[in-house]
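Hello,

Here is the structure I promised to pass on. Please open it, then read the notes below.

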Amino acid sequence: MVVKVTRFTIGSEPLWGILDGEEIAPIEGTFVSTADILRRPPAELKTRTGAQRFPISSANILSPVTAPAQIVCQGLNYADHADQSGHAPRQKNLLFMKAASSLSGAFDPVIRPAGCQMLDYEVELGLVLKRPLSVGDHVTRETLGDFIGGLVLCNDVSARDVMFGEAFLQWFRGKSARTFCPCGPWLVIPEPEEVAELLDRIEIRLWLNDELRQSAHTRDLIFRPETCLNDIASLMDLSAGDLVLTGTPGGVILQASAPLAQILTTKLFKDSERKEAIVQEATAHARYLTPGDIMRAEMRTDDNTVDFGRQLLGVLDA
């Protein structure tokens, strides 16, 4: 059994609820954070709903992942994305961070920062922890459900000109602007014994202005969730409610090319020259996100039994 939990407002204060068809059933009790929700098993959450229902259309849907939370990301974790980025075959798991203040809702606008010329999308499966992960912990496929409490659709929005143009390649800065981590609309909470099997059969897709740009299946992940969690545990601690993004498939706007590689290698220590050259080369061959663009993403199991919801994200200028 899975439950789909959403965080929403109708009045002023955020509420938590369970998706019930086209309605939301509020969960009774005090839940400040995602970690609070994940302390309760799915069956108990269902017992905490009463007769009250709100139409989804009447609610403002918020990110079901709450700040403060650490956001750890995997990069180049699908073979087609690694190949298109010039990093195939992969030998090491690539990890980086996003700021918790980048969290936003599934229908909130993505704000393009002033001066950004290479705004890009990255649809991803997110894993939300329900217990701490620290040194000494070892995660296996069989114990994934002991650590992962929820699964969520995410978009790792990225300012490529900042990532590769700022001093010494500022990935954190290029991925952490406010609104750069849309999450939801639902947090899907399975029973512990369902987690591993569920992670084996998820499909994710993203359309830009109704053109399909990204499509992948979790069977194509290079480094599996248990491998990623063990890599993280060897490096740092995670807490309940923290978010792990598992990587994006191919089809992002930025594609590797020989001229871009030459710019990065020959102008590594020339920040202003490198950024100008990267923007000129990349934007000559691709159109990056601009105000008015609409990103639509969805995630579901390959047999359509579990639907993780859809995101609809418009782009606005700061």
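Is strand β19 (residues 294-301) mostly covered or mostly exposed, and how many of its eight residues are buried? Mostly covered: six of the eight are buried. Keep in mind that this is a predicted model.

β19 has a strand partner in β16 (residues 202-208). The two run antiparallel, with seven bridges. L208 is bridged to M295 of β19. β19 also pairs with β20 (residues 307-317), again in the antiparallel sense, over six bridges. There M295 has L313 as its bridge partner. So M295 is worth finding on screen: its bridge partners include L208 and L313. β19 and β20 make a hairpin, with five residues between the strands. In that turn, N304 has a positive phi of about 65°.

Next, the interior. The largest nonpolar core holds 59 residues. L133, L151, L199 and L229 touch the most other members. Leaving aside residues up to four places away in sequence, L133 touches V139, F147, L229, I232, A233, M236, D237 and L238. A second, separate core has 23 residues, among them I18, C154, C183 and L187.

Three of the L133 contacts, L229, I232 and A233, are buried residues of helix α8. This helix (residues 225-233) is mostly covered, with seven of nine residues buried. The others buried there are P225, E226, C228 and N230.

Last, the annotation. An unreviewed UniProt entry lists residues 70-300 as "domain: Fumarylacetoacetase-like C-terminal". Over that range the chain is 25% helix and 28% strand. Its end C-alpha atoms lie 25 Å apart.

Best wishes

Conventions. Residues numbered from 1 in each chain as written. Predicted model: local features only at pLDDT ≥ 70, side-chain atom pairs only at ≥ 80, totals over all residues. Heavy atoms only, no water. UniProt positions renumbered as here; feature names shortened; annotations may be inferred. Helix = DSSP H or I, 4+ residues; strand = E, 2+ residues; numbered from the N terminus. Core = buried A, V, L, I, M, F, W, Y, C linked by side-chain atoms within 4.5 Å. Buried < 20%, exposed > 50% of the residue type's maximum accessible area, 1.4 Å probe, protein only. Contact = heavy atoms within 4.5 Å. Pairing = 2+ DSSP bridges.
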